[in-house]
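Biologist: I'd like to learn how to read a protein model. Can you take me through it, one feature at a time?

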Amino acid sequence: MFEWIEALTVDRSAKTAEARASVSADERLFVDHFPTQAILPGSIVIELAAQVSGPLAESLAETDRYAFLAMVRNAKFLKPVYLPMQASIEARVTRHEEDSVTTRCTVLI
């Protein structure tokens, strides 16, 4: 899935990460997902957010553990995301404890 992330920058001192993502309308994964007008599923938008938040969380970890998405507390989808799609993704740490990192992520289409 990281193939859709085109650029990722993690700023450990600011506890932020930024990325650009692009998904074409020709992806085989979406062939049957609204054939007349390809729409990006919300689960993929959440995955893109996780792919930006994960490296940010890993940069703050004091161990060699990998970050993984454990929970989505709140997600708002304001409009359908038609393909092709280009997005700017921003993640910011809102809580950092020894064994967990919480981020707030925004995906701007």
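Modeller: Let's start with the pockets. Keep in mind that this is a predicted model. The largest pocket holds about 1800 Å³ of space.

Biologist: Which residues lie nearest the centre of the largest pocket?

Modeller: Ser53, Leu69, Met71, Thr103 and Cys105 do, out of 48 residues that line the pocket. If you go by elements instead, H1, S3 and S4 each give two or more residues to the lining. H1 has the largest share of the lining, with 12 residues.

Biologist: And how many of the lining residues are nonpolar, polar or charged?

Modeller: Sorted by class, the lining has 25 nonpolar, 11 polar and 12 charged residues.

Biologist: You keep saying H1 and S3. How many helices and strands does the chain have?

Modeller: The chain has one helix and four strands. Read from the N terminus, the order is β-β-α-β-β. For the overall dimensions, picture a box along the principal axes: the C-alpha atoms fill roughly 50 × 25 × 20 Å.

Biologist: What do contacts tell me about how the chain folds back on itself?

Modeller: Look at how far apart in sequence the partners are. Take the contacts between residues at least 6 apart in sequence: 60% of them join residues at least 24 apart. For one pair to find on screen, try Lys79 and Ile109, which are 30 residues apart along the chain and have their C-alpha atoms 9.7 Å apart. Lys79 sits in the loop between H1 and S3, and it counts as exposed because its relative accessibility is 55%, where exposed means over 50%.

Biologist: How much of the chain is buried?

Modeller: Of its 109 residues, 28% count as buried. As a general idea, nonpolar side chains tend to be buried together in soluble globular proteins. In this model, the largest nonpolar core has 22 residues, and Leu40 and Met85 touch the most other members. Strand S2 (16-23), helix H1 (42-60) and strand S3 (85-96) each supply at least two residues of this core. H1 provides the largest share, six residues.

Biologist: What does Met85 touch, leaving out residues up to four places away in sequence?

Modeller: Met85 touches Ala21, Ser22, Val23, Leu40, Leu48 and Ile109.

Biologist: Is Thr16 buried or exposed?

Modeller: Thr16 has a relative accessible area of 15%, so it falls under the 20% cut-off and is buried. Thr16 belongs to strand S2. Setting aside neighbours within four places in sequence, Thr16 is in contact with Thr9, Val10, Asp11, Leu56, Ala91 and Arg92.

Biologist: Where is Thr102 found, and what does it touch?

Modeller: Thr102 is in strand S4 (residues 101-108). Thr102 counts as buried because its relative accessibility is 18%, and the limit is 20%. Not counting residues up to four places away in sequence, Thr102 touches Arg73, Arg92, Val93, Thr94 and Arg95.

Biologist: Let's turn to charges. Which side chains meet in a salt bridge?

Modeller: Arg95 and Glu97 do, with 3.0 Å from N to O. The cut-off for this kind of pair is 4 Å, so Arg95 and Glu97 pass. By that rule the count comes to one salt bridge.

Biologist: Why do Arg95 and Glu97 count as partly exposed?

Modeller: Arg95 has a relative accessible area of 32%, and Glu97 has 38%. Partly exposed runs between 20% and 50%, so both residues get that label.

Biologist: What about the backbone? Which residues should I look up there?

Modeller: Try Pro84, in the loop between H1 and S3. A cis peptide bond joins Leu83 and Pro84, with omega at about 0°. Then go to Lys15, which has a positive phi of about 55° although it is not a glycine. Lys15 lies in the loop between strand S1 (5-11) and S2. At 34% relative accessibility, Lys15 counts as partly exposed.

Terms used. Residues numbered from 1 in each chain as written. Predicted model: local features only at pLDDT ≥ 70, side-chain atom pairs only at ≥ 80, totals over all residues. Heavy atoms only, no water. Core = buried A, V, L, I, M, F, W, Y, C linked by side-chain atoms within 4.5 Å. Buried < 20%, exposed > 50% of the residue type's maximum accessible area, 1.4 Å probe, protein only. Contact = heavy atoms within 4.5 Å. 1 Å grid on protein atoms, 1.4 Å probe; cavity = no way out; pocket = protein on both sides within 12 Å on 5 of 7 lines; lining within 4 Å. Points joined across faces, edges and corners; volume = space filled by probe spheres on them. Nonpolar A, V, L, I, M, F, W, Y, C, P; charged D, E, K, R; others polar.
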